[in-house]
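The following exchange examines how the terms applied to a model rest on their definitions. Each reply sets a value against its criterion.

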Amino acid sequence: MSARDVVITGIGLVSSLGEGAERHWHVLSTPGAKPVLDAERFQPYTIHPLPEIDWGLQIAKRGDQRQMETWQRLGTYAAGVALDDADAKDEALLATMDMVVAAGGGERDSAVDQAILDAAASRNDRDLLLNEKLTTELRPTLFLAQLSNLLAGNISIVHKVTGSSRTFMGEEGAGVSAIETAAARIRSGQSTHMLVGGAFQTEHPDMLLGYELDGFLHRKRWKSVWQRAANDGGGVITGSGAAFLVLESREHAEARGRNAYAAISSVASGRARRSEGNLVEAISGVVRALGAPDQRLMAVSGASGAHAATGAERNALQSAGEFALRGFSTLTGHLKEAQFPFAIALAALAIHNGAPYPAFDAENESPLEGAPEAVLATSIGYHRFEGAALVVKA
Amino acid sequence: MPSTTDHRGRPVIAVTGVGVVTSLGQGVEDNWTALTSGRSGIHPITRFPTEHLNTTISGTVDFLASSDKGASALTYELAEIAALEAVAGAGYDVGDFAGPLFLASPPVELDWHERLALYDSADLDLPVYERLLASAREQLRQEIFEASQFGAIADRLADRFGTRGLPITLSTACASGATAIQLGIEAIQRGESERALAIGADGSATAEALIRFSLLSALSTQNERPEKASKPFSKDRDGFVLAEGSAALVLESLESALSRGAPVLGIMRGCGEKADDFHRTRSKPDGSPAIAAVHAALADAGMSADEIDYVNAHGTSTPENDKMEHLSLSTVFGERMKRIPISSNKSMIGHTLSAAGAIEAVFSLLTMARGVIPPTINYDHPDPAIELDVVPNVKREAEVGTVISNSFGFGGQNTCLVMAREPV
């Protein structure tokens, strides 16, 4: 135990399963949890849609809500839930709180884009067409409403988190780096309390396109993350969701009388040269670097379903020790930048509640008994970058 | 022997290699010559047609192989060129840097040309949302896919330079370049590495990017004489000039630099930041977040405001920024602010967005090392409300031992770097 241990004192979760730490624990700890799916809107793709959200609960001003596209609104909302959960909505505390957001962006105006694409069919002067349409049809505020660092910007405006504001980009890797950097800053004394997390809103054709340009999406009926066959598409089923965490040094949390859900004892990340076929070894290396206790552990896996990465993770965790895998994307869908923060949150909830999750897919995930002392959380990128953390009792 | 730890017992951070590309040219020497000659890199846009646009000028980098290949390709090439110069200059093997990489780069969406190409092969009988998706899955396009992934550029750079670990791609809007440096400094201070590569690169001056900024009324529309349009601190300033460029810095513990006899180009003394909760594009009217960022940087550096010799301004040439920057600096430096030289590199290179903080850090280091302050050009009609020594129009020889460089961005981003010529 050290004064600078990194403890988790607030969790803000949103997914198709609902909202809040308690709700997620309740749903996921009940055997036989069923996914919430929408297989119609984006056929042939299935997605896990956003639940109904009363945005006003966390974003009081309608004006603020209007300045954000859904992705920013979702992240700002989840950040507020995390801050409430940590009892951290205190002016002085927020004014010194550091923030790292793992962000995507690019929630474009589909109607404007479509109008341009349609008009382009009969035009040869396409560059001119772009100027014509974009200058007249783009909403001036759209740029900011979908710009990557403006999720953090909106969190500052709405929740008054103003110590510092940094935005990382790069799919799952952004989430890994956000957690890793936040934890390292606290552990080294560079920061005492941080808000870290990410959001992903998949219900937009461009968000699906970002995967499907390289054929990553699963195209047949829903299956668990471990069961998606290669002839059913690329294996990824996406979801809308967000995960934010309030991280504090142990000393800081104790000084303000906060109990922690759990502690992050170590984070490791990597950039495997996957084309060289070494992903299994690379994942094993990342997991080894965490210094996990020599016992059977639950692994809250952020596996995306992408065939190569998901297969490699499964192989690596089987060989690196005995892990009881829990692939939560089975039930939430892949949350991209939010995937790693989400994995950490679920790991912390299992520690906090003193019980492992039941298998989300009993055919492919082995049972585990007893209160977990330590839980592995992983996020192996569907295309690049790997990360894992060991979450332990605070 | 200088001390290799600072006032907080942390490793002192030296800069041992720099590289830069702007519309003024490629490489430190070409840029420095142009910058100190007061030459502007701003020109009429030729990359795309400018009909219907209110702004028809920019500081695009038009002389690279990727200049017409889209934002993603150009941003990579800009980053690569700057990093090659920096890493080689620092005396490291350009294929085996073996330290972490921090890349400030723009959030780039699928290029319109790529989007249109996809649509050309789409099945128009499908529902609208499905057309691009169907055409994507029927003919996978690795290159377009990579351009849509935010982590792709850093991944390629990591391969190219043999950097260590998962590279971090970041965006703090127009403060990004400074944030990349700050992240590198912090990693070395934590003892994670003896060196880090910080890059800011931005090749995203597409028609859509220009239109987006234009719709926010952020850009100058003084198109008639492009080289005169960027006029920070002038009365008739009317917006920034969109530009491209890149800079790379090899950050290294002073101890490591000295032990291997590497060139020490300057010292990163401290950094500070403070988020603004006032508005998405406007600063808090009292300038308090910018003030707090400068104070935080000075405290981090263990220095007082009296010890700063020169300010490398954010100086975008927007009515709002220059006023706010003046207000915040005057609050920090008091009466002395009227006499501290302050100049804006953006008067010549325009606003290079994600790259600006890194480019301006490199120019700040050169300013100290060479004892020459680059001017603020186009300073013909001073804003009477902004009383500053902007080093008007002509470079100035001066002993500069310490610099602060400001970077402010949309979304409440405020970052300040403190640099020194020599270790203490």
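Q: What makes the lining of the second largest cavity five nonpolar, one polar and six charged residues by class?
A: The classes are fixed by residue type: Ala, Val, Leu, Ile, Met, Phe, Trp, Tyr, Cys and Pro count as nonpolar, Asp, Glu, Lys and Arg as charged, and the others, Gly among them, as polar. The lining includes A:Leu138, A:Pro140 and A:Phe143, as well as A:Arg108, A:Asp109, B:Glu208 and A:Gln146. Therefore A:Leu138 is nonpolar, A:Arg108 is charged and A:Gln146 is polar. This is a predicted model, in which local features need pLDDT of at least 70 and side-chain atom pairs count only at pLDDT 80 or more, while totals for chains, interfaces and linings use all residues. Residues are numbered from 1 along each chain as its sequence is written, chains are lettered from A and ligands numbered from 1 in the order in which they are written, and side-chain values use heavy atoms, with hydrogens and water left out.

Q: Why is this space called a cavity, and what is the volume of the second largest cavity?
A: On a 1 Å grid over the protein atoms alone, a cavity is a set of points where a 1.4 Å probe fits but cannot get out, and its lining residues have an atom within 4 Å of a point. The second largest cavity holds about 80 Å³ of space, a volume being the space filled by probe spheres set on the points, which are joined across faces, edges and corners. The structure holds five cavities of 30 Å³ or more.

Q: Which element gives the most to the lining of the second largest cavity?
A: Helix 8 of chain B does, with three residues. Helix 8 (207-215) of chain B and helix 7 (142-145) of chain A each supply at least two. Helices (H or I, at least four residues) and strands (E, at least two) are DSSP runs, numbered from the N terminus.

Q: What is the volume of the largest cavity, and which residues lie closest to its centre?
A: Its volume is about 310 Å³. Of its 23 lining residues, A:Gly105, A:Gly106, A:Asp206, A:Met207 and B:Ser148 are the closest to the centre. Helix 10 of chain A provides the largest share of that lining, four residues.

Q: What makes an open space a pocket, and how is the largest pocket lined?
A: A pocket is an open set with protein on both sides within 12 Å along at least five of seven lines. The largest pocket contains about 730 Å³ of space and is lined by 44 residues, with B:Ala71, B:Ser204, B:Thr206, B:Glu208 and B:Ala209 nearest its centre. Helix 8 of chain B gives the most to this lining, five residues.

Q: Why is the pairing of B:Glu186 and A:Arg185 called a salt bridge?
A: The criterion is a side-chain nitrogen of Lys or Arg within 4 Å of a carboxyl oxygen of Asp or Glu. The N to O distance for this pair is 3.5 Å, so the pair satisfies the rule. Across the interface of chain B and chain A, 16 salt bridges are found.

Q: How many residues does the contact take from each chain, and how much area is buried?
A: With contact meaning heavy atoms within 4.5 Å, 74 residues come from chain B and 83 from chain A. The two chains bury about 6,900 Å², 60% of it on carbon and sulfur atoms; buried area is the accessible area (1.4 Å probe) that two parts lose on being put together, summed over both.
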